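These are my notebook entries on a single structure. I set down what I looked up, entry by entry.

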Amino acid sequence: MCAACGLVYELALVALGSYLLGSSITQASLVISVTLCAMGAGAVVAKPLVRRPAAAFVSVELSLAVVGGFSVPALYASFAWLAVYTPAMLVCATAIGLLIGAEIPLLMELMQRLRAQRASSAVADITAVDYAGALVGGLAFPFLLLPVFGLLEGTLVVAALNVLAAWAVGGAIARRSGSGRGLAVTSIACLAVVVLLVGMATLATRFEATARQALFRDPIVHAERSKYQEIVLTQGALFGAQSVDFRMFLDGDLQFSSVDEYRYHEALVHPAMRGPHDRVLILGGGDGLALREVLRYADVQQVTLVDLDPAVVELARENSRLRRLNDRAFADPRVDYVAADAFAWARRQGGAYDVIIADFPDPDSTATAKLYSRELYAVLERLLADRGRLVVQAGSPFFAPDSFWCVDATVAAAGLQTVPYHVDVPSFGDWGFVLAAASEPVLRLPEDAPPGLRFLTDAVLEAAATFPPDRDDRPVEVSTLLKPVIVEYQRSGWVGY
């Protein structure tokens, strides 16, 4: 039980850091390395405590319940109100590691007092149980605690198990020795910690809502954590009551603002529609806004939209604000939605698409880097019809120029000819795209472009193909599955922003 709880606390810190900062590898490396080092220090610090192992074990377990159980809300509050996360996380990881490290020496001393045995046998027994408990905790965290309780309340449930361990061991030894006072003290201390945990659990929903709101400028009108990400919708007034600014955020990253999303989606979709466009494939774009632009062409016969998270698509179908913004795109009979990972799905497909639109989240973590890899673009090149076009949202050539040109170079490495371009989207800044085809595509509007485009014209596209000298093409590496250099480019590019 102790081993399972300890591993869950580590995984909780890794998960929270990934939710808030997006860098799962960095967070995992920091948490695991710091915690393991602190565990070694905790084992040494526990040496003087073995003279009274029962009392020390109860104290360690109750302290671990408080520190581990309150680590997630404390770090969330630090991030939301103080804008400090990594230093606070390192303090939590160190404290948790010290307490976990102290458990094994104390348990070994208790084992020896109950049943003396050779040191090698005792180490073998407790190590075997410790590793088995780690397996239980590692499996319980993603498959039970997160789906059923969520991150915040899940860590409180685990903290209650630490309290149970303290009461079971401390109480059993007190009864064995006939110490009524020891049993009473142990029970009262455990009850006090349980009251703290129950109080936090009671306030968890209100606390999370309040802390989450502190992260956003405008009032939150919808928030949920899906299986894959945190989805937040906000709505505010930008220039008075008549100017509504409706926004979607995924894991804290802005996906669109209703004030200017048409600039982004017109620039993403319409240049790729120049030519045949009977069959269209959209990868990502679960909000339905790129889909809205595609469906403006009456001769489009079929649109397949592949998005990993059904919760986003369900919002696009059911949320009144979002449904109004995407013109009820998912109700169109020409649309076929597939809930799948785009990379895995595309590898299994045959057939040919006239237009492929890659509207993925920014490549700011290794989890999304595969969506900007040479391997994926090679698969998409195979799915293109003879005169098919591919367009990729490629980030900002102004804020992250290396990342932008890395996308361009990676698409070209897959055997396609590319035309990079960029437009101004005020809520994002300068934003770029890569249009690609077997032969060099023409960056112009289709001859049958729908009337009523609010932003995009041929004059805008002509200007969009021009880059200032300090943001122009540059030598960059190609991004692959085994070496996702685009992630590093993205991080370095956004530091200044």
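**Entries on the sheet and selected residues**

I began with a residue pair: V419 has L435 in strand 11 as its bridge partner. I note here that the model is a predicted one.

I then looked up the two strands around this pair. Strand 10 covers residues 417-425 and strand 11 covers residues 429-437; they run antiparallel and are joined by nine bridges. A hairpin of three residues leads from strand 10 to strand 11. I also checked the cover of strand 10 and found seven of its nine residues buried.

Next I asked in which order the strands of the sheet lie. The sheet is open, has seven strands with mixed pairing, and its order is 7-6-5-8-9-11-10. Strand 7 and strand 10 are the edge strands, each pairing on one side only. Between neighbouring strands of this sheet I noted an average turn of 15°, direction ignored.

I looked up one parallel pair as well. Strand 5 (residues 279-284) pairs with strand 6 (residues 302-307) in the parallel sense, over five bridges. Within this pair, I282 has L305 in strand 6 as its bridge partner.

Which helices did I find packed on the sheet? Helix 8 (residues 261-269) packs there and touches strand 8, strand 9, strand 10 and strand 11. The direction of helix 8 makes about 165° with that of strand 10. Helix 15 (residues 401-413) also packs on the sheet, touching strand 9, strand 10 and strand 11. For helix 15 the angle with the direction of strand 10 is about 155°.

I turned to two loop residues. Is S373 buried or exposed? I classed S373 as buried because its relative accessible area is 0%, and buried means under 20%. S373 lies in the loop between helix 13 (366-369) and helix 14 (374-383). Leaving out residues up to four places away in sequence, I listed its contacts as F343, T410, S479, T480 and L481.

A331 sits in the loop between helix 11 (320-325) and strand 7 (335-339). I classed A331 as exposed because its relative accessibility is 65%, and exposed means over 50%. I also looked up A331 together with Q235: they are 96 residues apart in sequence and 24 Å apart in space, C-alpha to C-alpha.

My last entry concerns the surface. M1, L161, L164 and W167 make a nonpolar surface patch of about 370 Å². Of these residues, I placed M1 in the segment before helix 1 (2-21).

Terms used:
Residues are numbered from 1 along each chain as its sequence is written. This is a predicted model: local features need pLDDT of at least 70, side-chain atom pairs count only at pLDDT 80 or more; totals for chains, interfaces and linings use all residues. Side-chain values use heavy atoms; hydrogens and water are left out. Helices (H or I, at least four residues) and strands (E, at least two) are DSSP runs, numbered from the N terminus. Buried means under 20% relative accessible area, exposed over 50%, partly exposed in between (1.4 Å probe, protein chains only). Contact means heavy atoms within 4.5 Å. Two strands pair if DSSP finds at least two bridges between them. Patches are made of residues with over 30% relative accessible area and no salt bridge: like charges are joined within 9 Å, nonpolar side chains (Val, Leu, Ile, Met, Phe, Trp, Tyr) within 5 Å. Accessible areas come from the Shrake-Rupley method with a 1.4 Å probe; for residues, only the protein chains shown count as cover. A salt bridge is a side-chain nitrogen of Lys or Arg within 4 Å of a carboxyl oxygen of Asp or Glu. Axes are lines fitted to C-alpha atoms, for helices over the stretch in contact, and angles run from 0 to 180 degrees between N-to-C directions.
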